[in-house]
Amino acid sequence: MVKQYPHFLFIEEATESIQDADGNWTECTVSRKFISMCREESDGRGTEFQVAGGEYHKATSVIQCPKNCPKVNKGAKVLIANDPECADVRIEGICLNFDPAQLHSRLWV
């Protein structure tokens, strides 16, 4: 049986290092948060997106998501995994664009 969304979309969030009252710095912590089921496909068209500073980045993958997928901000670090524990990562990268279309959402990495 073919699944429409066989992969798992995660976003990586990091806390900033802060200085306590004694002047000691705390280490930043990185966590992964599950966002939505998805389907990762290579972007053979070579779609380009302009990022901050006027640079252009070429997308390597387009991620198809259900319509109810929460918005992913441009510049967010995303991971696409084959499993819900995010142990088998297919691809990781920076969100270049997110498009909540009429029938589904798309994200370019």
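A search of the whole structure, which is a predicted model, finds three aromatic pairs. One of them is formed by Phe8 and Phe34, whose rings are tilted with respect to each other, with 6.2 Å from centre to centre and 55° between the planes. Because Phe8 belongs to strand β1 (residues 7-14) and Phe34 to strand β2 (residues 30-42), this pair ties together parts that are 26 residues apart in sequence. The two partners fall into separate classes of accessibility: Phe8 is buried, its relative accessible area being 15%, whereas Phe34, at 41% relative accessibility, counts as partly exposed.

A further tilted pair is made by Phe49 and Trp108, for which the centres are 5.4 Å apart and the planes enclose an angle of 50°. Here Phe49 lies in strand β3 (residues 48-50) and Trp108 in strand β9 (residues 104-108), so that the pair ties together parts that are 59 residues apart in sequence. Phe49 has a relative accessible area of 14% and is buried, and Trp108, with a relative accessibility of 10%, likewise counts as buried. Phe8 and Phe34, described above, also belong to one aromatic cluster together with Phe10.

Both members of the pair between Phe49 and Trp108 recur in the surroundings of Leu96, a residue found in the loop between β7 (89-94) and β8 (97-100). With neighbours within four places in sequence left aside, Leu96 is in contact with Phe49, Val51, His57, Lys58, Ala59, Lys74, Trp108 and Val109. Although located in a loop, Leu96 is buried, because its relative accessible area of 9% falls under the 20% limit for that class. The C-alpha atom of Leu96 is separated by 8.2 Å from that of Gln50, a residue 46 positions away along the chain.

A second residue with contacts across the sequence is Gln64, which is found in strand β5 (residues 61-66) and which, at 12% relative accessibility, counts as buried. When residues up to four places away in sequence are not counted, Gln64 touches Tyr5, Cys38, Arg39, Glu41, His104, Ser105 and Arg106. Among these residues, His104 is joined to Gln64 by a polar contact of 3.3 Å between the side chains, while the C-alpha atoms of the two residues, which are 40 residues apart along the chain, are separated by 7.2 Å.

Definitions and conventions:
Residues are numbered from 1 along each chain as its sequence is written. This is a predicted model: local features need pLDDT of at least 70, side-chain atom pairs count only at pLDDT 80 or more; totals for chains, interfaces and linings use all residues. Side-chain values use heavy atoms; hydrogens and water are left out. Helices (H or I, at least four residues) and strands (E, at least two) are DSSP runs, numbered from the N terminus. Buried means under 20% relative accessible area, exposed over 50%, partly exposed in between (1.4 Å probe, protein chains only). Contact means heavy atoms within 4.5 Å. A polar contact is a pair of N or O atoms within 3.5 Å; within protein, one must be able to donate a hydrogen and the other to accept it, and residues adjacent in sequence count only if both atoms are side-chain atoms. Rings of Phe, Tyr and Trp (its six-membered ring) pair if their centres lie within 6.5 Å; planes under 30 degrees apart count as stacked, over 60 as edge-to-face and the rest as tilted.
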